[in-house]
Amino acid sequence: VQLQACGGGLVQAGGSLRLSCAASGRSFSNYNTGWFRQAPGKERERVAATFWGGITYYADSVKGRFTISRDYAKNMMYLQMNSLKPEDTAVYYCAAGLGSITNAQTTDSWGQGTLVTVSS
């Protein structure tokens, strides 16, 4: 599966952005999907994921502000980010895998990353 992310940019604190990720390849619908982010000097962290059966995961830092979704018909996945904070500034990566997509070891495919900058 190949992934292509877009939608990053510069936004003021309190604003919103929607990240999109287009997937190509067969059987994408079988994959669990998620979004990770990596801020300068920090490790890559998972912020949201969606699994078979509609199960979703959100990091505590984004609960209530971010929403992950996917469109199976269009092979697309999204991350709606509201009430953005300066600490959300990072490069965001879409990801897909047949496993838990908890970290790099359990993730099969990565998008190229898109930069989100939140100004105070």
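**Exercise 1. Classify Arg 37 by its accessibility, then identify its salt-bridge partner and classify that residue too.**

*Solution.* Arg 37 has a relative accessibility of 6% and therefore counts as buried, since the cut-off for that class is under 20%. The model examined here is a predicted one. The next step is to look for the acidic partner: the side chain of Arg 37 meets that of Glu 45 in a salt bridge, with 2.7 Å from N to O. Glu 45, for its part, has a relative accessible area of 34% and is therefore partly exposed.

**Exercise 2. Determine which parts of the chain are tied together by the salt bridge of Arg 65, and place this pair in its wider setting.**

*Solution.* Begin with the pair itself: Arg 65 forms a salt bridge with Asp 88, and the closest N and O atoms are 2.8 Å apart. Because Arg 65 lies in the loop between β6 (56-58) and β7 (66-71), while Asp 88 belongs to the loop between β8 (76-81) and β9, the pair ties together parts that are 23 residues apart in sequence. As to accessibility, Arg 65 and Asp 88 are both buried. The last step is to widen the view, where one finds that Arg 65 and Asp 88 are linked with Arg 37 and Glu 45 in a network of salt bridges.

**Exercise 3. Describe the salt bridge between Asp 60 and Lys 63, and decide whether each partner is buried or exposed.**

*Solution.* The side chains of Asp 60 and Lys 63 meet at 3.2 Å, N to O. With a relative accessible area of 65%, Asp 60 is exposed, and Lys 63, at 51% relative accessibility, also counts as exposed. The salt bridges of the model come to four in total.

**Exercise 4. Work out the surroundings of Thr 107 and of Thr 117, taking location, accessibility and contacts in turn.**

*Solution.* For location, Thr 107 is found in the loop between β9 (90-97) and β10 (109-110), whereas Thr 117 has its place in strand β11 (residues 114-119). For accessibility, Thr 107 counts as buried at 8%, while Thr 117 counts as partly exposed at 27%. For contacts, leaving aside neighbours within four places in sequence, Thr 107 is in contact with Phe 36, Ala 95, Ala 96, Ile 101 and Thr 102; in addition, a polar atom of the Thr 107 side chain lies 2.8 Å from the backbone oxygen of Asn 103. Thr 117, not counting residues up to four places away in sequence, touches Gly 9, Leu 10, Val 11 and Thr 89.

Notes:
Residues numbered from 1 in each chain as written. Predicted model: local features only at pLDDT ≥ 70, side-chain atom pairs only at ≥ 80, totals over all residues. Heavy atoms only, no water. Helix = DSSP H or I, 4+ residues; strand = E, 2+ residues; numbered from the N terminus. Buried < 20%, exposed > 50% of the residue type's maximum accessible area, 1.4 Å probe, protein only. Polar contact = N/O pair within 3.5 Å; in protein donor to acceptor, adjacent residues only side chain to side chain. Contact = heavy atoms within 4.5 Å.
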